[in-house]
Amino acid sequence: MSVTKEQFIRDFKDALHEEHLIKIPVATPTELFTSLAKVIRKYYTPKWLERNKRLSDDQEKIAFYFSIEFLPGRMLETNLLNLGILDLVKDSFSDLGIDFEAVKNAEHDMALGNGGLGRLAAAFMDSLATTGYPGFGNGIRYQYGLFKQKIVNGHQVELPDAWFGSVGNVWEVRKDHDIVDVKLYGNVHLEMNEHGKLIPIHENSQTLRAVPYDVPQLGYQNGIVNNLRLWDVEIPEEDELHYPTLEARRKVQDITAILYPDDSSYEGKELRLTQEYFMTSAGLQTIIKYYLKQGRPLAKIHEKVSVHINDTHPAVAPAEFMRLLIDEYGLEWQEAWETTVKTMSYTNHTILSEALEKWDEGLFKKVLPRVYQIILEIDNRYVVKMATDGVDPNIIEKTRIVKDGQIHMAHLAIIGGYSVNGVAKLHTKLLQEDTLSDFYAIYPEKFNNKTNGIVQRRWTQIAAPELSEQIDKVIGCDWRKDIHQLEELKHYVNDDTVLNDFYCVKQKAKERLATYIYETTGITVSTQAIFDVQVKRLHAYKRQLLNLMHIIKLYWDLKDNPDKDVVPRVFIFGAKAAPGYHFAKSVIKLINEVANLVNNDVDLKDKLKVVFLENYNVSLAELIIPAADVSEQISLASKEASGTSNMKFMMTGSVTLATLDGANIEIKDEVGDDNIVIFGMTKDDVYDHYRKHDYYSRGIYENQPVIKRVVDTFVDGTISDVVSEGMEIFESLITHNDEYFLLEDFMSYVEAQEKIDHLYRDKKVWSQMSLMNITKSHKFTSDDTISQYAEELWQIKK
Ligand SMILES: *Cc1c(COP(=O)(O)O)cnc(C)c1O
């Protein structure tokens with residue numbers, strides 16, 4: 001959009017006066033923020049209205065992306081950047097004497113997600129708007145986002161994330177005219193109507209009101225605004241008598257109160273099932289109503305609507321869609337089923353079995369009695385159809401939806417849709433060959449890969465402004481609109497001046513992070529050290545513990561030989577552990593106590609520092625990632641479906657230290673073997689151990705003195721205040737046979753780390769590696785990933 005600085009300043013002052021009745025010098029950052037948001041809303045609102053009208057007038061097909069998590073982080077800078085006025089606003093603020101950083105920091109992260117899954121969903125929203133595809137989000141308006149993490153005495157403490165704060169969500173718009181009701185509980189029986197048709201009668205149910213709030217998703221400088229619709233729950237006025245106490249009302253509000261703080265694992269709670277059904281049913285109901293306004297036949301809804309199921313949380317969608325089509329709109333089973341399968345598609349995000357949702361049949365039947373009946377019918381018909389098609393009875397039994405007293409949600413999503421995709425090449429291959437191989441044998445045509453991506457604009461233009469300016473200087477500004485232009489940087493890998501300029505940009509980012517580290521932890525770090533970073537959710541398979549073991553090895557090396565010639569290192573961690581995940585919390589405690597040990601030991605002569613930054617979230621990621629020299633992506637091969645932080649690091653010039661897992665493999669294919677450091681077992685090595693049952697960690701421990709010394713450090717009193725946690729870690733590695741093969745990978749990891757030390761000493765070589773990573777990172781833009789979903793799956797048009 002075009003606005004002059006003078007006009008913007010007038011608009012901003014007007015907003016400040018109207019909203020807060022004050023002038024700039026006395027306004028708080030929050031007041032300045034809400035006023036700025038008001039101006040931004042004014043700027044995009046006409047475009048938003050126009051977009052909705054256009055799509056409805058033209059009867060364009062729309063894809064609806066259902067996800068129980070969206071993790072956008074802050075929206076202010078993205079909205080300004082995408083409107084094309086970020087620099088203008090920064091300039092204006094500087095003229096007005098306003099600290100833009102302070103205003104930016106007044107916005108609370110929108111943290112309606114745990115980690116990668118939710119971040120991906122948010123990235124797709126941005127990319128859909130940017131590429132211009134009509135794709136809308138559908139999720140939950142949690143009152144509290146992911147918990148706020150404090151570190152107290154080295155332990156994680158969880159506090160509620162009251163992200164609405166005093167100002168609420170400044171971007172959302174409540175849409176009363178799209179309110180729908182969602183029914184739970186009660187009992188259902190079938191009655192014959194006058195036409196001899198069986199009609200379900202649902203009695204004694206609980207009715208909840210689903211209220212949508214729309215959050216605009218602005219495309220990058222293209223005038224397009226899409227919708228992210230988040231559902232809140234309310235008690236219908238006519239039912240208020242059923243909720244006479246505050247306690248009873250609170251039970252309802254609980255449905256949208258909190259995001260489940262689980263990552264890659266499954267929390268078997270009635271409330272969780274209710275959340276999942278609530279947002280799925282509400283979303284599908286409004287979609288059908290919207291479609292019917294076009295006056296088209298319901299049996300052809302797949303021609304105008306696509307519904308995407310992001311992981312299994314919204315996987316009740318095919319069954320709920322069937323319920324709506326049949327019970328509410330009178331379609332016959334067969335035509336309802338055909339259109340349902342053509343409407344639904346599903347993304348699998350993990351092969352960890354604890355994250356593939358299964359519901360106890362009794363619980364499911366109690367909460368969703370009618371949907372349960374429909375699932376039984378889908379399951380029955382599936383079994384009959386497969387038997388008719390001559391499928392092996394064992395395979396039918398393994399793949400059916402209802403078995404062993406449980407409802408298998410991934411099976412419902414696969415049987416009830418036309419597409420199943422994994423999120424990186426290796427992950428999709430593993431789904432086909434292992435996790436979902438029986439389904440792959442039945443429906444090979446449904447399987448496909450869509451490697452994850454990131455919103456390059458957030459990780460360069462917003463998080464790394466100096467880097468962005470440097471790229472402008474070398475190849476011009478076109479890359480800001482067309483990220484593939486980054487490829488042009490490859491012509492400069494031997495240009496010493498350019499290499500040095502990029503090196504200086506990284507130093508600036510390191511200085512910023514060093515200041516933040518000092519201010520928040522009191523730890524002093526040198527920007528001459530290698531910043532070696534592992535930031536992601538804390539999970540055993542991601543192996544933060546392997547990183548810590550290497551730190552302990554370095555500690556002993558330096559204690560034995562304080563003059564050892566090593567490049568100084570700062571190891572930086574950021575990670576939240578699920579509150580019920582005992583092991584993960586113990587690892588956090590150990591990292592913090594090893595940090596205490598190392599940072600306060602003068603013998604080490606500042607060659608080794610360890611920093612744990614609390615409350616890792618998107619905003620902190622934006623500060624940390626551009627400052628990293630080394631990106632730690634060290635999950636056990638086969639366990640990380642894709643990873644996306646690996647891509648963010650690469651794009652800002654970090655060198656990846658990685659196992660051959662997830663998208664690390666694709667990163668390696670892009671940058672070449674010389675520009676990445678790979679170590680450890682392959683997926684085949686891992687699967688060989690599973691097949692042969694021949695892994696024995698105690699044998700490695702006993703035969704390898706370096707490893708023995710490191711592992712013993714957890715329990716020999718070297719680290720203070722970790723008696724039970726140290727023992728727990730020791731037992732996981734030795735007594736419980738080291739589920740994620742840390743000991744087998746340890747020596748290879750140490751060697752890889754030595755290689756990093758060696759490479760970093762040659763400033764030119766390191767700078768070349770760094771630049772090649774930036775150059776090739778364009779491959780991982782979520783704009784391209786989403787275009788593949790749009791064209792290959794959803795068949796929607798720009
Ligand atoms: C990108 C991102 C993630 C995902 O990190 P992985 O290393 O891919 O697991 C998690 N949390 C936040 C805040 C992120 O920005």
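A cavity here is a set of grid points where a 1.4 Å probe fits but cannot get out. Everything below comes from a predicted model.

**View 1. The ligand sits in the largest cavity.** Once it is in there, two helices give two or more residues each to the shell around the ligand: α22 (618–624) and α23 (645–651). By residue type, that shell breaks down into six polar, four nonpolar and three charged.

**View 2. Five residues come nearest to the ligand, out of the 13 around it.** They are Lys536, Lys542, Thr644, Ser645 and Lys648. Zoom in on the two lysines with listed distances: the side chain of Lys536 puts an N or O atom 2.7 Å from a ligand oxygen, and the side chain of Lys542 does so at 2.8 Å. Thr644 uses its backbone instead, with an N or O atom 2.7 Å from an oxygen of the ligand. Taken on its own, the ligand has 390 Å² of accessible area, and the protein covers 96% of that.

**View 3. The second largest pocket holds about 570 Å³ of space.** Its lining counts 24 residues, and Asp178, Asn227, Arg229, Thr286 and Tyr290 are the closest to its centre. Helices α2 (29–57) and α8 (270–292) each give two or more residues to this lining, and so do strands β1 (62–66), β4 (135–140) and β12 (225–234).

**View 4. Helix α8 gives the most to the lining of the second largest pocket.** Five of the lining residues belong to α8. Sorted by type, the lining of this pocket has ten polar residues, eight nonpolar and six charged.

Definitions and conventions. Residues numbered from 1 in each chain as written. Predicted model: local features only at pLDDT ≥ 70, side-chain atom pairs only at ≥ 80, totals over all residues. Heavy atoms only, no water. Near = heavy atom within 4 Å. Polar contact = N/O pair within 3.5 Å; in protein donor to acceptor, adjacent residues only side chain to side chain. Areas by Shrake-Rupley, 256 points an atom, 1.4 Å probe, with all protein chains shown as cover. 1 Å grid on protein atoms, 1.4 Å probe; cavity = no way out; pocket = protein on both sides within 12 Å on 5 of 7 lines; lining within 4 Å. Sits in = over half its atoms within 2 Å of the grid points. Helix = DSSP H or I, 4+ residues; strand = E, 2+ residues; numbered from the N terminus. Nonpolar A, V, L, I, M, F, W, Y, C, P; charged D, E, K, R; others polar. Points joined across faces, edges and corners; volume = space filled by probe spheres on them.
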